[in-house]
Amino acid sequence: MGILGSLFHKKPGRPDDASGRREKVRGEYFDVILEEESLRERVAAVCSMDILEYYLPLSDCDGGYIYSMDGKAFAGDGGGGYYVLLSGGGVGYINFGENECGKVAGSVRELLELELNCAYSWHNYLDKKYLEDPSLLNEIVASWEREGQEQFEDAYGEDLPGYEELRRELAEKLNVNLSPDITKDVLPKLYQMVVEQPEFTAKSKTDGTFLGKLYR
């Protein structure tokens with residue numbers, strides 16, 4: 001899934017408000033992002049992550065699965081994926097269309113740093129060979145990140161400031177770190193989370209099959 005997955009042609013679903021019992025998305029970073037619509041849109045553009053106004057229970061993401069951990073979705077990626085606050089701690093990611101599920105970050109802060117530091121999208125670094133030998137990343141990260149920035153500029157053109165300017169702006173407003181070397185500071189945390197035990201899994205109620213792991 002590339003950076004273009006965040007275009008706003010598809011919004012994540014939101015539960016019915018008839019009961020009046022929806023829980024608003026709240027937290028150190030969420031409050032800042034949701035306070036200003038333009039900031040929310042910029043986060044969605046740069047991070048491919050649209051913060052929801054209300055938490056979405058896992059059963060409302062897709063009730064056809066049994067989840068190994070309880071949690072609530074706080075963001076969608078515009079391409080059918082959801083970011084989930086897990087009851088046991090950390091952040092999970094589910095994408096039913098891509099058939100994948102797992103942990104992706106130890107905290108919301110860690111997730112934002114992952115997103116802001118990976119223009120080419122963290123999904124593309126989750127090849128099993130990189131988990132087993134991260135040194136293989138040294139030859140490709142620079143070119144992939146440059147390609148991701150070019151995709152961003154092509155997608156948003158004159159509608160938004162340049163990618164680097166936006167990245168610095170969001171890092172400052174959200175008080176998160178930008179890294180000069182994601183192979184040392186950012187991706188190792190991602191690799192640690194995707195194999196951390198216990199795993200976050202989703203099993204079909206119909207045939208008992210599991211969604212795939214995040215890494216290929």
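This is a short chat about the pockets, the core and the cysteines of a predicted model.

Reader: What kind of model is this, and how are residues numbered?
Author: The model is predicted: local features need pLDDT of at least 70, side-chain atom pairs count only at pLDDT 80 or more, and totals for chains, interfaces and linings use all residues. Residues are numbered from 1 along each chain as its sequence is written, and side-chain values use heavy atoms, leaving out hydrogens and water.

Reader: How much space lies in the largest pocket?
Author: About 210 Å³. A pocket here is an open set of points on a 1 Å grid over the protein atoms alone, where a 1.4 Å probe fits, with protein on both sides within 12 Å along at least five of seven lines. The volume is the space filled by probe spheres set on the points, which are joined across faces, edges and corners.

Reader: Which residues are closest to its centre?
Author: Glu145, Ser179, Pro180, Asp181 and Ile182, out of 15 that line the largest pocket. Lining residues have an atom within 4 Å of a point.

Reader: Which elements give two or more residues to that lining?
Author: Helix 6 (141-156), helix 7 (163-174) and helix 8 (182-185). Helices are DSSP runs of H or I, at least four residues, and strands are E runs of at least two, numbered from the N terminus.

Reader: And the second largest pocket, what lines it?
Author: There are 13 lining residues, with Glu113, Asn117, Asp185, Val186 and Lys189 nearest the centre. Helix 4 gives the most, four residues. The space is about 160 Å³.

Reader: New topic. Which residues touch the most other members of the largest nonpolar core?
Author: Met49, Phe74 and Val104, in a core of 69 residues. Such a core is a set of buried Ala, Val, Leu, Ile, Met, Phe, Trp, Tyr and Cys residues joined through side-chain atoms within 4.5 Å. Buried means under 20% relative accessible area, exposed over 50%, partly exposed in between (1.4 Å probe, protein chains only).

Reader: What is Phe74 in contact with?
Author: Leaving aside neighbours within four places in sequence, its contacts (heavy atoms within 4.5 Å) include Val25, Phe30, Met49, Tyr83 and Leu111.

Reader: How many disulfides are there?
Author: Zero. A disulfide is a pair of cysteine sulfur atoms within 2.5 Å. For Cys101, the nearest cysteine sulfur is that of Cys61, 10 Å away.

Reader: Why is Cys118 without a bond?
Author: Because the closest cysteine sulfur, in Cys47, is 10 Å from its own, too far for a bond.

Reader: Are these two buried or exposed, Cys101 and Cys118?
Author: Cys101 is buried, at 5% relative accessible area. Cys118 is buried too, at 4% relative accessibility.
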